[in-house]
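Here's a quick briefing on a protein–ligand model, written for someone who thinks in contacts and torsions. Have the viewer open and follow along from the ligand outwards.

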Amino acid sequence: MDRRIVIVGFMGSGKTTVAKALAARLGCGLADLDAIVAAQQNMSVPELINERGESSFRDAETAALQLILDRQTPRIIALGGGAWTLERNRELINKHGCLAVWLDAPYDLCWQRITDHPSPRPLALDETSARELYRERHPLYALANIRIAVTDNTSADDLAAKAAEAIARHTIS
Ligand code: S3P
């Protein structure tokens with residue numbers, strides 16, 4: 001079976017939209033980890049973080065990741081922005097032989113999308129702390145197998161095409 005792919009990157013980097021475009025291009029299934037956590041916990045991710053705390057959300061996130069990785073499908077999994085930054089999650093992903101694709105978007109673009117987006121991001125409440133979180137996480141995202149540079153004027157389809165090429169090259173080499 002083709003290697004499974006996890007899409008990682010900061011909030012606002014475009015993980016969900018690019019993952020959808022990539023799944024359409026590769027003709028394979030897609031799961032969104034935040035959506036799975038929300039369905040399992042019967043509340044939205046922001047509610048979960050606000051009402052039970054980040055650490056409780058992280059536990060639910062790891063449990064959901066483990067569950068989805070233990071199955072053989074779908075091929076593509078879009079993670080929430082913090083999932084890849086936890087070593088235990090990276091270990092799980094590597095143990096299951098997945099390829100990690102990092103959408104490396106500049107901070108200003110992420111922040112613009114975070115503020116434009118109607119859904120709340122409890123871990124990016126203000127510009128200064130979000131910038132600091134971005135700075136802290138950047139070296140961890142760089143541990144991914146594949147880096148795709150994101151710019152404001154590249155469409156999700158173009159990014160998916162670049163990711164598909166990079167995945168094919170990575171698989172051959
Ligand atoms: C988080 C990112 C969110 C969501 C949660 C925590 C983070 O997902 O998982 O609010 O720690 O970066 P998106 O990256 O899809 O916004």
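The backbone of G81 offers a polar atom 2.8 Å from an oxygen atom of the ligand. Keep in mind that this is a predicted model. Two arginine side chains also reach ligand oxygens: R58 puts a polar atom 2.6 Å from one, and R137 has a side-chain N or O atom 2.7 Å from an oxygen of the ligand. With the protein in place, 92% of the ligand's accessible area is covered, out of the 390 Å² that the ligand has on its own.

**Around the ligand**

- If you're looking for the site, go to the largest pocket, which is where the ligand sits.
- Two helices, α3 (45–52) and α4 (54–70), are the elements that each give two or more residues to the shell around the ligand.
- The shell holds 13 residues, and those that come nearest to the ligand are K15, D34, R58, R121 and R137.
- By residue class, the shell splits into five charged, five nonpolar and three polar.

**Helix α2 and what comes after it**

- Besides being among the residues that come nearest to the ligand, D34 takes part in a contact at the start of helix α2 (residues 33–41): the backbone nitrogen of D34 has a side-chain oxygen of D32 within 3.2 Å.
- At the other end, α2 is followed by N42, a residue in the loop between α2 and α3.
- The phi of N42 is positive, at about 60°, although N42 is not a glycine.

**A cis peptide bond**

- Check the omega values and you'll find one of about -5° at the bond between T73 and P74, which is a cis peptide bond.
- P74 belongs to the loop that runs between α4 and β3 (76–78).

**Aromatic pairs**

- Counting rings whose centres lie within 6.5 Å, the model has four aromatic pairs.
- How do the rings of W102 and Y141 pair? Their centres are 6.4 Å apart and their planes are at 25°, so this pair is stacked; the cut-off for stacking is under 30 degrees.
- The W102–Y141 pair links distant parts of the chain, with their positions 39 residues apart: W102 is in strand β4 (residues 99–104), while Y141 is in helix α7 (residues 127–141).

How values were computed. Residues numbered from 1 in each chain as written. Predicted model: local features only at pLDDT ≥ 70, side-chain atom pairs only at ≥ 80, totals over all residues. Heavy atoms only, no water. Near = heavy atom within 4 Å. Polar contact = N/O pair within 3.5 Å; in protein donor to acceptor, adjacent residues only side chain to side chain. Areas by Shrake-Rupley, 256 points an atom, 1.4 Å probe, with all protein chains shown as cover. 1 Å grid on protein atoms, 1.4 Å probe; cavity = no way out; pocket = protein on both sides within 12 Å on 5 of 7 lines; lining within 4 Å. Sits in = over half its atoms within 2 Å of the grid points. Helix = DSSP H or I, 4+ residues; strand = E, 2+ residues; numbered from the N terminus. Nonpolar A, V, L, I, M, F, W, Y, C, P; charged D, E, K, R; others polar. Phe/Tyr/Trp six-rings, centres within 6.5 Å; stacked < 30°, edge-to-face > 60°.
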